[in-house]
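Biologist: I would like to go through this model with you one point at a time. Please give the cut-offs as you go.

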Amino acid sequence: MVLHYLIVKTQWDTILKFAMPASSLCDAHNNCAEKCFKYISQDDWVTSGKLGSRDAVLVFRTNILNPKTRKTLLETTPEQMKLTNVEATSSQSGVVLEKALSSAICKTNATSGQAYVSVEKSLNRNPVKKLHGSFSSCDTSVSSDGDETMQYNEKKPRVQQKNLNSAIVEIEDNLNKESGYNSIPASQFNTGSNSSEEDQEASSEEDKECGINMPAHQLQITYKFIQTETKLLRKIFNVHGLTEVQGESNFNLLWTGVHMKLDTLRNLALYQRVNHFPRSYELTRKDRLYKNIERMQHLRGMKHFDIVPQSFILPLESRDLLFAHNKHRGPWIVKPAASSRGRGIFIVNSPDQIPQDEQVLVSKYIVDPLCIDGHKCDLRVYVLVTSFDPLIIYLYEEGIVRLATVRYDRNADNLWNPCMHLCNYSINKYHSDYIRSSDAQDEDVGHKWTLSALLRHLKLQGCDTHLLMLNIEDLIIKAVLACAQTIISACRMFVPNANNCFELYGFDILIDNTLKPWLLEVNLSPSMGVDSPLDTKVKACLITDLLTCVGIPAFSPEMRSHYNSKSSQIRSSSCHRQEEQRILRSARLQYTRRGGFVRIFPTDDTMQRYGHFLDSANGIPISTPNVQGQAFQTLITQHNYNQMLHSNLYCLGSRCLKDDNCQENRIRQYERALETDSEIPFLKKQIVEKCEEEGRRLRKQLLKKIGSGSTLTHFQARQTFSLYLESVLRRLTQDPKDSHEKIILKFLNRYGGGVKPPVLFRNTQNISKARSAMVAKLLGDFLELYKRDTEAYVDSFDHFGMIPTSAYSLFLMHAQESDLEAVLSHHTNITGIMPFLYNRCGLSVPPTPPIPSGLHGFLRALPAMVSASGLSRDVSKYDGYFKSCDKNLVDMHDISLRSRSTRDFK
Ligand code: ADP
């Protein structure tokens with residue numbers, strides 16, 4: 001073992017020398033060490049190596065998200081105080097500082113031993129709880145080169161990854177009793193009002209203040225977002241001291257909700273991390289995923305890859321679908337090839353009900369799903385891939401179970417009902433019977449459970465949860481294997497450094513009533529939106545564990561500038577021995593930082609199970625029958641990193657990890673409840689009390705101004721319109737009977753664009769909560785897109801003839817639905833334009849329609865404001881329901897025209 005350690009060390013030094021000139025590396029290192037010294041008190045926030053070393057990465061934890069506990073965390077310990085004194089007197093030589101640094105770490109570790117005992121006790125009291133794996137320096141930071149240490153850590157059971165963090169568990173418990181969590185009632189789902197944005201702003205200032213104390217801040221570590229849901233992520237980054245940047249390339253971590261630009265990938269430096277691999281769409285596009293798996297079914301045998309419901313891509317495979325339908329009758333579920341969140345999905349009994357003019361994926365509908373208390377459910381599990389060659393896959397120990405709101409009934413008459421057949425939260429949340437658990441500890445309450453709660457529930461009923469989880473692991477590995485070949489070749493072409501990319505995939509899995517899991521789809525950028533304490537708990541733990549596991553290098557700006565040059569690229573065939581050592585070392589360090597991630601590939605038996613799907617020469621999963629690895633052989637020197645990693649981790653004598661990562665341990669980990677060290681008061685939203693009278697007063701003033709020639713800017717008009725539609729949406733979910741569903745559908749159908757009806761409405765007579773939820777879902781989708789577009793219109797300054805921004809904001813703050821309606825109607829009547837729907841030239845803008853008087857007159861006129869040739873970019877094809885609705889609406893419109901009068905709002 002010692003010999004091995006020396007080899008690792010020597011090779012690593014060689015790599016470093018290769019990467020940068022020795023003298024400059026030394027300078028960068030010393031500079032960093034000097035700086036590190038100033039914030040030595042936070043050595044718990046860096047791991048896998050000493051600050052200033054190439055292995056050092058940042059640590060992310062959830063307990064710091066709670067403002068009350070973070071104070072305790074950041075307090076200086078007596079040891080650290082001593083060190084501060086040393087700083088004043090000692091020589092500034094890097095070596096001395098390094099010694100001081102290591103001794104500080106040892107002392108901290110020594111103190112943490114006691115705390116660890118207390119955690120064990122609490123675990124013993126409640127054996128089904130798993131503490132969320134906050135990480136600390138004890139595990140790996142003692143020696144960046146010490147293999148001994150790594151081995152020791154790898155053998156530790158997961159709960160032992162605690163020390164300093166655990167010390168404050170009890171303090172936190174007490175504090176938590178005081179800290180309340182504002183749960184949001186079902187009716188107040190987040191529609192993003194002004195007030196909540198302000199509240200987020202306020203808390204984000206606090207988060208940033210906290211971040212100032214963190215090593216990441218001193219090291220000027222930055223992150224960049226592109227098109228992504230940012231609330232929880234931003235909070236986590238900010239409290240850990242990372243700074244957001246907008247620029248093109250000066251980020252340490254790029255988090256995007258969409259695929260990566262190849263140019264961005266090509267220019268990544270050694271220390272930069274991005275959250276996607278190139279060509280990930282092979283997994284995440286429904287049609288691509290299915291085709292990749294189907295190819296494996298042909299190549300390797302159906303029995304190995306029977307993991308997805310039989311599917312067809314239409315219109316191309318219409319005949320095959322008909323053939324299959326004649327053999328085994330429907331129902332079939334129809335999904336747009338590249339959509340998500342239940343958008344555009346509907347279920348049919350027979351293929352002739354499927355429109356032929358759009359590319360869709362049609363899958364066999366699984367009619368006998370696993371139900372909880374009679375409700376259909378499906379799983380969202382989180383899968384982290386940190387490398388495709390060698391393949392390293394982790395499954396997060398906790399996942400989310402989503403239940404449909406309406407009890408499941410196989411009767412074909414109910415196929416139209418999305419709240420019975422689809423488990424998407426994005427649809428079911430609009431159903432007025434939807435129940436959210438209001439306490440993070442309630443994991444089996446309402447329509448969202450945790451995976452571990454489901455497993456415990458099934459186990460109590462005598463189900464074989466062990467087999468279920470093994471089958472889920474198997475399904476995940478096979479899906480990744482089916483898509484890996486293309487991704488690996490893209491990585492070789494576009495990704496300069498081995499650790500640049502990582503990816504968190506959201507796997508949607510349906511379990512049938514025989515407990516067989518079926519893969520429905522893989523989500524690129526699974527939602528990090530949080531909407532209940534349970535969500536917050538799972539996702540905050542997930543993200544912090546993810547960031548620690550992946551490893552954001554704790555490089556100082558000096559080190560970064562050295563590694564910016566392309567010479568840092570070490571993925572060349574000439575140093576492939578070094579590359580093997582690097583891979584092995586990186587995999588080991590990563591494993592010690594895994595937190596709640598369970599490594600499912602490689603494990604001790606993966607070679608036995610999946611070895612025959614890998615090319616025997618280069619270890620790459622082969623999914624193309626004719627080339628059998630040729631493409632790779634011409635591109636690269638022969639290597640088999642999968643084999644190398646597996647034998648080093650699992651086969652070489654005493655270094656065997658079998659016990660640690662064995663099936664029993666993995667399954668036990670999935671079954672234990674996740675418990676954070678402290679609650680995260682993330683969703684606290686100040687509901688600003690609206691003053692009705694004030695709203696009316698401001699509305700009067702505004703109407704006067706509009707009457708005397710002032711006009712709303714595009715931004716103001718769009719803000720007003722979205723607030724107005726939010727009120728309509730709220731009414732729709734609160735009181736399904738008074739909902740104006742048909743008008744809204746008519747408007748949305750005309751508007752088209754990204755908003756499509758998710759399910760074919762068949763039972764149009766049935767006024768039900770589920771149908772209202774459907775319409776609400778459509779309106780919610782529309783609002784989301786609309787608000788995103790509105791961001792492009794922000795008024796940068798007040799100009800002549802414009803209603804001052806401050807006065808207008810005040811109005812919006814207090815306005816009720818009727819006030820908003822009055823302003824929109826009056827403005828439309830007086831100006832003859834509709835800036836909330838149209839921006840200016842280029843479009844064929846219809847004349848402003850007459851706006852009927854009386855309550856909801858504006859809403860009734862709304863569909864007529866959308867010209868069929870104007871905004872309708874992509875009017876829905878699934879308009880069976882809309883046709884009948886249109887007819888009603890035409891009648892209604894006629895009536896409203898007859899009673900036309902200009903309403904006086906003054
Ligand atoms: P999206 O990406 O739009 O959410 P999914 O493929 O995840 O699409 O499907 C949405 C929902 O539809 C799932 O939550 C699941 O409940 C249901 N579903 C999807 N495919 C099937 C199927 N083949 N059989 C039964 N239910 C399905």
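What follows is a set of questions and answers on the fold, the cores and some local features.

Modeller: This is a predicted model, in which local features need pLDDT of at least 70 and side-chain atom pairs count only at pLDDT 80 or more, while totals for chains, interfaces and linings use all residues. Residues are numbered from 1 along each chain as its sequence is written, and side-chain values use heavy atoms, with hydrogens and water left out.

Biologist: How many helices and strands does the chain have?

Modeller: Helices (H or I, at least four residues) and strands (E, at least two) are DSSP runs, numbered from the N terminus. On that basis the chain comes to 34 helices and 20 strands.

Biologist: What share of the 906 residues counts as buried?

Modeller: Buried means under 20% relative accessible area, exposed over 50% and partly exposed in between, with a 1.4 Å probe and protein chains only. By that cut-off, the buried share of the 906 residues is 59%.

Biologist: How many disulfides are there in the whole structure, and why does Cys371 not bond to Cys377?

Modeller: A disulfide is a pair of cysteine sulfur atoms within 2.5 Å. The closest cysteine sulfur to that of Cys371 is in Cys377, and this pair is too far apart for a bond because the distance is 6.9 Å. Cys371 itself is partly exposed, at 30% relative accessibility. For the whole structure, the number of disulfides found is zero.

Biologist: In which order do the strands of the four-stranded open sheet lie, and which stand at the edges?

Modeller: Two strands pair if DSSP finds at least two bridges between them. The pairing in this sheet is parallel, and the order is β5-β4-β6-β7. Each edge strand has a single partner, so one side of it is left without a neighbour in the sheet; the edge strands are β5 (243-244) and β7 (273-274).

Biologist: How many bridges join β4 to β6, and which residue of β6 stands opposite Phe225?

Modeller: Strand β4 (residues 222-226) and strand β6 (residues 253-256) run parallel and are joined by four bridges. The residue of β6 opposite Phe225 is Trp255.

Biologist: Are the faces of β9 covered or open, and which residues are its bridge partners in β10 and β11?

Modeller: Strand β9 (residues 332-336) has five of its five residues buried. Both faces are covered, with Trp332, Val334 and Pro336 on one side and Ile333 and Lys335 on the other. The strand runs antiparallel to β10 (residues 346-348), with three bridges, and antiparallel to β11 (residues 360-364), with five bridges. Trp332 has its partner in β10, Val348, and Ile333 has its partner in β11, Ser363.

Biologist: Which helix gives the largest share of the largest nonpolar core?

Modeller: A nonpolar core is a set of buried Ala, Val, Leu, Ile, Met, Phe, Trp, Tyr and Cys residues joined through side-chain atoms within 4.5 Å. The largest one has 75 residues, and those with the most contacts inside it are Phe388, Ile393, Ile476, Phe507 and Leu519. Its largest share, 18 residues, comes from helix α19 (residues 465-494).

Biologist: How many residues are in the second, separate core?

Modeller: Among its members are Tyr408, Leu702, Val775 and Leu859. This second core has 59 residues.

Biologist: At what angle do α31 and α32 pack?

Modeller: Axes are lines fitted to C-alpha atoms, for helices over the stretch in contact, and angles run from 0 to 180 degrees between N-to-C directions. Helix α31 (residues 805-814) and helix α32 (residues 817-831) have their axes 8 Å apart, at an angle of about 135 degrees.

Biologist: Which residue at the positive phi near 70 degrees is not a glycine, and is it buried or exposed?

Modeller: Most residues other than glycine have a negative phi, and most peptide bonds are trans. The residue with a positive phi near 70 degrees is Leu515, in the loop between β17 (503-511) and β18 (517-524). With a relative accessible area of 15%, Leu515 is buried.

Biologist: Which residue is joined to Pro602 by a cis peptide bond?

Modeller: Pro602 is in the loop between β19 (597-601) and α23 (606-610). Omega of the cis bond is about 0 degrees, and the residue joined to Pro602 is Phe601.
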